[in-house]
Amino acid sequence: MTFCTSIHCMDGRIQEPIIKYLKKNYSITYVDTITEPGPCKILAENEDKISVNSIIERTKISINRHGSKLIAISGHYDCAGNPCDEEIQKKQIRESVKHLKNNYPEIKIIGLWIDNEWKINNV
Ligand SMILES: [Zn+2]
């Protein structure tokens, strides 16, 4: 039984692609999901402290109770919660990875971009 943690958008179009991708590529059995509208924007800006803390607290449960060894943070094409273009979102994803590394230095953290064909790309 292997868990990972995925922090991704609430958008219904990305749920299945991202869960399938993580299970297949990282040999994961269960994906704990933490959804917000445009979470890479929330973590990169680090201004909405209530949302940031909520994400961090939920991630902690996944790590401490499920032994998650991998955190994925993603952004996607046509995001209603974060209507920035691809390059800005990728910058936000990289910032979010840094932010999460500060909180969880011992956990592997990856950034993902979900494109206009709902395919997953590493950032
Ligand atoms: Zn979105």
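**Buried and exposed faces of helices 1 and 3**

In this predicted model, the buried residues of helix 3 are Ile55, Thr59, Ser62 and Ile63. When helix 3 is viewed down its axis, these buried residues fall within an arc of 95°, and they therefore line one face of the helix. The elements against which the buried residues of helix 3 pack are strand 1 (3-9), strand 2 (30-36), helix 2 (39-45) and strand 3 (70-76). On the face of helix 3 that is turned away from this buried side, the exposed residues are Lys49, Ile50, Asn53, Glu57, Asn64 and Arg65, so that the isoleucines of the helix are divided, with Ile55 and Ile63 buried and Ile50 exposed.

Helix 3 itself comprises 18 residues (49-66) and reaches 25 Å from its first C-alpha to its last, which is close to the 26 Å expected at 1.5 Å a residue. The helix is followed by Gly67, for which phi is positive, near 65°.

In helix 1 (residues 15-25), the buried residues are Ile18, Tyr21 and Leu22. Seen down the axis of helix 1, these residues likewise fall within an arc of 95°, so they line one face of the helix. The cover over the buried residues of helix 1 includes strand 1, strand 2 and strand 3, together with strand 4 (108-114) and strand 5 (120-122). Glu16, Lys20 and Lys24 are exposed on the other side of helix 1, and just after the helix Ser27 takes a positive phi of about 50°.

Technical notes: Residues numbered from 1 in each chain as written. Predicted model: local features only at pLDDT ≥ 70, side-chain atom pairs only at ≥ 80, totals over all residues. Helix = DSSP H or I, 4+ residues; strand = E, 2+ residues; numbered from the N terminus. Expected span 1.5 Å × (residues − 1). Buried ≥ 20, exposed ≤ 12 C-beta atoms within 10 Å, placed from the backbone. Arc of directions from axis to C-beta. Contact = placed C-beta atoms within 7 Å.
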